[in-house]
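Biologist: Please take me closely through one part of this model, the surroundings of the ligand, and then show me how that part ties in with the rest.

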Amino acid sequence: MPHHATLKSFALLAGLCLATPVCAAEPAATPPHHSWRFDGPLGTFDQGSLQRGFVVYDRICSTCHGMRSLTYNDLAGIGLSQKAIGDLAHSKQFPGPLDEDSQPTTRPGTPDDHFKSPFPSDAAAAAMMGGVAPPDQSRLALIKPHGADWLYAFLTGYRMPAPAGAPSAPGKFYNDWADGHLVGMPPPLVNGAVTFPDGTPATVEQQAKDVTTFLVWASDPHRNARHHIGKGVVLYLIVLLLLAYTWKKKIWKRLHGA
Ligand code: HEC
């Protein structure tokens with residue numbers, strides 16, 4: 001029966017499609033879910049992970065991406081000391097005033113400076129990066145649905161060589177989670193490319209997890225403080241409720257006794 005044959009070949013095609021990752025990861029797919037400590041209304045960030053994530057951002061991502069909305073002082077929010085913040089800012093060079101010969105100078109950064117951008121402008125960045133400027137990372141965790149899950153999937157989603165039959169283009173890299181599976185960013189994470197001060201082994205997965213945590217924090221740096229206040233408010237309301245209850249019982253007892 002011809003109808004039967006069509007159905008059969010359709011089923012075969014669907015099976016093939018599921019077996020090939022190119023097909024399985026079509027844009028409609030949702031990235032695998034991870035249980036992040038910062039998820040949920042009272043979730044808070046893990047400081048160790050934030051500090052490791054900043055190391056990944058500072059050593060790797062910041063060579064191409066800016067993060068203009070943060071100042072070095074904001075890093076107090078991930079537990080860096082004032083001294084560490086001062087030293088870090090001081091190690092970065094910013095454009096200074098012109099000297100007496102009208103020549104440009106540089107000056108060391110201060111804690112109040114915004115994170116140093118690697119390129120003077122988006123146009124300069126695009127010219128250096130084959131036509132596409134690396135997006136500012138201040139809100140990077142918010143640009144896609146399932147921000148954190150997508151970022152993690154994307155950062156660990158490069159495949160070399162690309163699967164057979166995958167799209168390709170010069171200067172582009174195959175990634176399971178990029179739009180159209182191609183992206184102009186070379187794979188940024190390599191096993192052991194950074195050393196974490198706390199001794200955590202710097203696998204690609206660990207770096208991806210920590211830098212994702214840092215980028216989610218960076219998109220809303222005051223969330224931890226807000227959630228701590230939230231917990232305080234809930235506790236206060238519980239105490240108030242208990243007081244109101246005992247008070248009510250007392251009054252009723254008095255009324256009954258009368
Ligand atoms: C060598 C330069 C370079 C480095 C290092 C780099 N990026 Fe990128 N990144 C780019 C460029 C260029 C683009 C734009 C690519 C495009 O749109 O095709 C980009 C785009 C992105 C995007 C958006 C992708 C999309 O599909 O919208 C994310 C997310 C990202 N980078 C994260 C990171 C993180 C996190 C790091 C550090 C671990 C990092 N990048 C390090 C150059 C870089």
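**Around the ligand, and what holds it in place**

Modeller: A quick stop at another stretch before we get there: residues 229-247 are 100% helix and 0% strand, and their end C-alpha atoms lie 27 Å apart. Helices here are DSSP runs of H or I with at least four residues, strands are E runs of at least two, and both are numbered from the N terminus. An unreviewed UniProt entry lists 229-247 as "transmembrane region". UniProt positions are in the numbering used here, feature names are shortened, and annotations may be inferred rather than shown by experiment.

Bear in mind that this is a predicted model, where local features need pLDDT of at least 70 and side-chain atom pairs count only at pLDDT 80 or more, while totals for chains, interfaces and linings use all residues. Residues are numbered from 1 along each chain as its sequence is written.

For orientation, the protein has eight helices and four strands, in the order α-α-α-α-β-β-α-α-β-β-α-α. Buried residues make up 20% of its 258 residues. Buried means 20 or more other C-beta atoms within 10 Å of the residue's own, exposed means 12 or fewer, and partly exposed is in between, with C-beta atoms placed from the backbone.

Now the ligand. It has 23 residues around it, and the ones that come nearest are Cys61, Cys64, Pro134, Gly184 and Met185. To be near, a residue needs its C-beta atom, placed from the backbone, within 6 Å of the molecule. The shell divides into 19 nonpolar residues, three polar and one charged. Nonpolar covers Ala, Val, Leu, Ile, Met, Phe, Trp, Tyr, Cys and Pro; charged covers Asp, Glu, Lys and Arg; the others, Gly among them, are polar. Helix H6 (residues 147-155) gives the most to the shell, three residues. Buried in H6 are Ala148, Leu151, Tyr152, Ala153 and Leu155, and helix H7 (204-218) is among the things covering them.

The same unreviewed UniProt entry type gives a "binding site" annotation to Cys61, Cys64, His65 and Met185. These are spread over 125 residues of sequence, yet they cluster in space, with a largest C-alpha distance of 10.8 Å.

Take Cys61 next. It sits in the loop between H3 and helix H4 (82-90) and counts as buried because 23 other C-beta atoms lie within 10 Å. Leaving out residues up to four places away in sequence, Cys61 touches Val56, Gln137, Pro188 and Val211. Touching, or contact, means that two C-beta atoms, placed from the backbone, lie within 7 Å.

His65 is found in that loop between H3 and H4 too, and it is buried because it has 23 C-beta neighbours inside 10 Å. Beyond its neighbours within four places in sequence, His65 is in contact with Pro134, Pro135, Asp136 and Gln137.

That brings us to Pro134, in the loop between helix H5 (122-128) and H6. What makes Pro134 buried? It has 21 other C-beta atoms within 10 Å, so it makes the cut. Pro134 and His65 are 69 residues apart along the chain, but their C-alpha atoms are separated by 5.5 Å. Setting aside residues up to four places away in sequence, Pro134 touches Cys64, His65, Ala125, Met129 and Met185.

Now for the helices H3 and H7. Helix H3 (residues 47-59) packs on H7 at an angle of about 95°, with the axes 7 Å apart. The axes are lines fitted to C-alpha atoms over the stretch in contact, and angles run from 0 to 180 degrees between N-to-C directions. The two are therefore roughly perpendicular, the word for 65 to 115 degrees; under 35 is roughly parallel, over 145 roughly antiparallel, and the rest oblique. The residues of this contact are seven nonpolar, four polar and three charged.

Gly53 belongs to H3 and is buried because it has 28 C-beta neighbours inside 10 Å. Its contacts, not counting residues up to four places away, are Asp210, Val211, Thr213 and Phe214. The C-alpha atoms of Gly53 and Thr212 are 7.1 Å apart, across 159 residues of chain.
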